[in-house]
Amino acid sequence: MIQKKICLLGAFSVGKTSLIQRYINSLFSDRYHTTVGVKVDKKMVDVDGQALMLMIWDIAGEDAFTSIKPAYLRGMSACIVVIDGTRRNSFDVALSVHEMVRQQLGEIPVVFALNKADLKGEWTLGEEQLRTLAQLGQPMLETSARLGQGVNEMFMALARRLC
Amino acid sequence: MSSTIERVVRQRPPGMNEQTGKRARGPAGKVAAGQELEHLRELLLGQDYQALLELKRQLGNPERFSRQLAGVISEALSLRIARDSSVSSVLAPTIERALSESVARDPGHLADALYPVMGPAIRKSINEVLSQTLQTFNQLLEESLSVRSLLWRFDAWRTGRSYSEVVLMKTLVYQVEQVFLIHRETGLLLQHVVSEQAITKDPDMVSGMLTAIQDFVNDSFEVRNGDSLSTLKLGDLTVHVEQGPHAVLAAVVRGNPPASFPALLRDTQEDLHRQMSHSLQTFTGDSEPFLRIRPLLERCLILQTQREKEGRRTPWLLYLLLAGVMAGLGWWGYQAYQERRQWQAAIEHLGAEPGIVVTGVQQRDGVYRIEGLRDPLARAPAQVLQESLASPPPADYVFSTYVSLDEPLVRARLLRALEPPPGVTLDYADGRLQVTGRAPLPWAERFRQSWPLVGGIQAVDESGLTVFDAGAERALAQQAALERQFETLQRELGAEAVWFEVGETGLPPGEPGLEQARVLAGKLRELVRMANRLDHQLVVYLSGNTDESGTLAFNQTVARKRVTVVKTALIELGLPEFLFQPDNGDQSRRQERSVRARVVVF
Ligand SMILES: Nc1nc2c(ncn2[C@@H]2O[C@H](COP(=O)(O)OP(=O)(O)OP(=O)(O)O)[C@@H](O)[C@H]2O)c(=O)[nH]1
Ligand SMILES: [Mg+2]
């Protein structure tokens, strides 16, 4: 069995914790409890018959006062950068976070999650931003932790790239 | 107002700022035409025109305009902010730039300004992070604990021992419950061993969180290179962390391990790195190779049990003692209650005792103080209490004396004051005293004087009392006895006689006649004494006797002579002369030569 450390990164309140909750426990809550520090979870996945254990680090999101601690990123094999489609700012944060990951860890598998897809009507991301993201050469998925849409697929996409 | 200004400013043609002032001083022709136009304007617009010009001048002069604007700028900003968020988006880049410029120039200023905010914020954040991460960690461990306690119960059920016994047996001085080998870089679990009794939950997550905590600590506090977290403490659980270049060895210990334990961890760590150096450096998530170092880790699962560990053992002795004390208290309470009840009953009983009135009972320091009134003839209170209480508690009796009219007391007082003689009974009831029997007179007299003094007696019934005078009766009896004695003596006297020889009429000395006279005198004296006592008048007759040998006349003379001789002798012997009556010469005894005496009482 192979274990891998993956991290969920992004701005605060974009839905990192929600995505993990949805993925591991199939739960969703409208209430927002900001993550402090780190919360580690795990999930066994099966990738083409091979068992893979994902150690999922839910890292406190970046906000005006706290930036992601590089120490937490050490040793991670892949990461999910979450963007809140309804908040432009989270897109900017995603780009800077991605840059930080690249600098610290080199080219590792990254997936961009465009979260809160259920609120598409309120999305502020334009074509331009999506194109910018696409140019980074990493997969992007629309997800909704609320509906469970795209969540499994996103984690599986990442898992597949780890084997 | 502000919007008007805005519009005016916007509609202003470019360059007007500089031109406004110069226009007045233009070429002459233009000036004349201008003046006309000016005039016309003035005519048309009047004062308004002047005001408009003034306004124009104000706008044209940056200084004046600024001054004007200064008065309203904050109001304008707040109005705009209320309408939309454009102000913040316009200001944000500027402020950001200003801040970064300030920091670039001298970070000290901003740091100083933010210091009061940052300090508490950081402290709060650190506290929160620590408590939350520790809590998560703690929860994981605690859950494994509750599982373990379930196992203990199961164990107890299976072996038929009591749960506390099992707990007791499993109580430890210390035990290394789990050892984690964690890849330092990724926080992934390389290997994990658990002691038999301990049960663990999700070592993978524990491993991840432990790493996260370490990362957090290293990142949050300025630690020197190489320094890192070495222990975490949660209740009686301690996590000992031994850092290595590529892996972290973490041991979860319950209780206090020996001082040599960190050294054991260090040795193990070194062994591990020696043996697994390559695997550690090339680790990509496959923990398979690390299976073979399990024995190394198991070496660290040391423990020491102690059956007698104080802290954990159920303190049965203490419980027993407590139960004993409780029982004792209960018993004591019951006793006290009983005692109180008995005591109360006893006090009531005491109050009911004739001649005793209880006016108050106090208790101080376990000693009772009983106050009241007591008739001197009533029984002692202590004695009364003894009747209702086997052993009355110590008590002070403070009783004042009084005279009780309770019947038993009146009766007792009667007996004492009147002392009825045997044969007399006193019956007292309802204030009436009944006296019955035979009583000697003196007592009866004393009784009549004394009963009113006894108190409580309203009437006396003497109908059943016979009074007798003992002294008088005795005197009579004495007299009768004397009388009898007197008579006897009289008879004895009759038997006595003074004898004479034939023809003799004298009592020559040395002859028996004198002696006989003396005997006669004794008897007579006795009779006189008795007669005195009997209050009798007494006369003595002496009779002379002769034999019949002589003549009658001679014989008579002899007889007379003989009487005279005896009479003289008797008087000489002390008898008073007046006792003797002249004898009538009766010669009752013809055949003897004697003188006899006879006593007559009149
Ligand atoms: N409508 C909708 N709301 C979502 C979705 N995902 C998350 N949320 C809500 O967004 C808020 C923030 O979610 P979190 O998962 O706590 O965000 P986070 O990224 O973990 O935030 P930090 O821990 O502060 O960095 C919560 O109120 C969620 O209910 C989603 O897919 N759709
Ligand atoms: Mg969160």
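**Reading a two-chain model, feature by feature**

Reader: I'm starting at R369(B): what does this residue count as at 33% relative accessibility?

Author: R369(B) counts as partly exposed, because its relative accessibility is 33%. The scale runs like this: buried is under 20% relative accessible area, exposed is over 50%, and partly exposed lies in between (1.4 Å probe, protein chains only). Before we go on, this is a predicted model, where local features need pLDDT of at least 70, side-chain atom pairs count only at pLDDT 80 or more, totals for chains, interfaces and linings use all residues, and side-chain values use heavy atoms, with hydrogens and water left out. Residues are numbered from 1 along each chain as its sequence is written, while chains are lettered from A and ligands numbered from 1 in the order in which they are written.

Reader: Back to that arginine, then. Which residue does R369(B) form a salt bridge with?

Author: Side chains of opposite charge can pair when their charged atoms come close. Here a salt bridge means a side-chain nitrogen of Lys or Arg within 4 Å of a carboxyl oxygen of Asp or Glu. For R369(B) the partner is E371(B), and their closest N and O atoms are 2.8 Å apart. E371(B) is also partly exposed, at 23% relative accessibility.

Reader: How many salt bridges does the structure hold over all chains?

Author: There are 32 over all chains. A nice one to look up is the bridge between the side chains of K42(A) and D202(B), at 2.5 Å from N to O. K42(A) sits in strand β2 (residues 38-47) of chain A and D202(B) in the loop between β2 (189-194) and α10 (203-220) of chain B, so this pair joins two chains. As for cover, K42(A) is partly exposed, with 24% relative accessibility.

Reader: Where do those helix and strand labels come from?

Author: Helices (H or I, at least four residues) and strands (E, at least two) are DSSP runs, numbered from the N terminus. Chain A has five helices and six strands. Follow chain A along its sequence and you get β-α-β-β-α-β-α-β-α-β-α.

Reader: And what share of chain A counts as buried?

Author: The figure is 52% of its 163 residues. While you're in chain A, look for the network of salt bridges that links D30(A), D118(A) and R146(A).

Reader: What about R446(B): which residue does it form a salt bridge with?

Author: R446(B) pairs with E419(B), the closest N and O atoms being 3.8 Å apart. R446(B) belongs to helix α16 (residues 441-454) of chain B and E419(B) to the loop between α15 (407-418) and β10 (424-429) of chain B, so the bridge ties together parts that are 27 residues apart in sequence. R446(B) is partly exposed at 38% relative accessible area, whereas E419(B) counts as exposed at 52%.

Reader: Now the helices. At what angle do α13(B) and α14(B) pack?

Author: The idea is to fit lines to C-alpha atoms as axes, for helices over the stretch in contact, and take the angle, from 0 to 180 degrees, between N-to-C directions. α13(B) and helix α14 (residues 381-388) of chain B pack at about 130°, their axes 9 Å apart. That makes α13(B) oblique to α14(B): under 35 degrees counts as roughly parallel, over 145 as roughly antiparallel, 65 to 115 as roughly perpendicular and the rest as oblique.

Reader: Is there anything to see inside α14(B)?

Author: Try V384(B), which is found in helix α14 of chain B and counts as buried at 0% relative accessibility. V384(B) and E353(B) are 31 residues apart in sequence, yet 7.6 Å apart in space, C-alpha to C-alpha.

Reader: What about the pair α18(B) and α19(B): at what angle do they pack?

Author: Helix α18 (residues 512-533) and helix α19 (residues 552-572), both of chain B, pack at about 60°, with axes 10 Å apart. These two helices are therefore oblique to each other.

Reader: One last thing: which residues of chain A have a positive phi without being glycine?

Author: Among them are S26(A), with phi about 55°, and K116(A), with phi near 65°. S26(A) is in the loop between α1 (16-25) and β2 of chain A. K116(A) lies in the loop between β5 (110-115) and α4 (127-135) of chain A, and counts as partly exposed at 22% relative accessibility.
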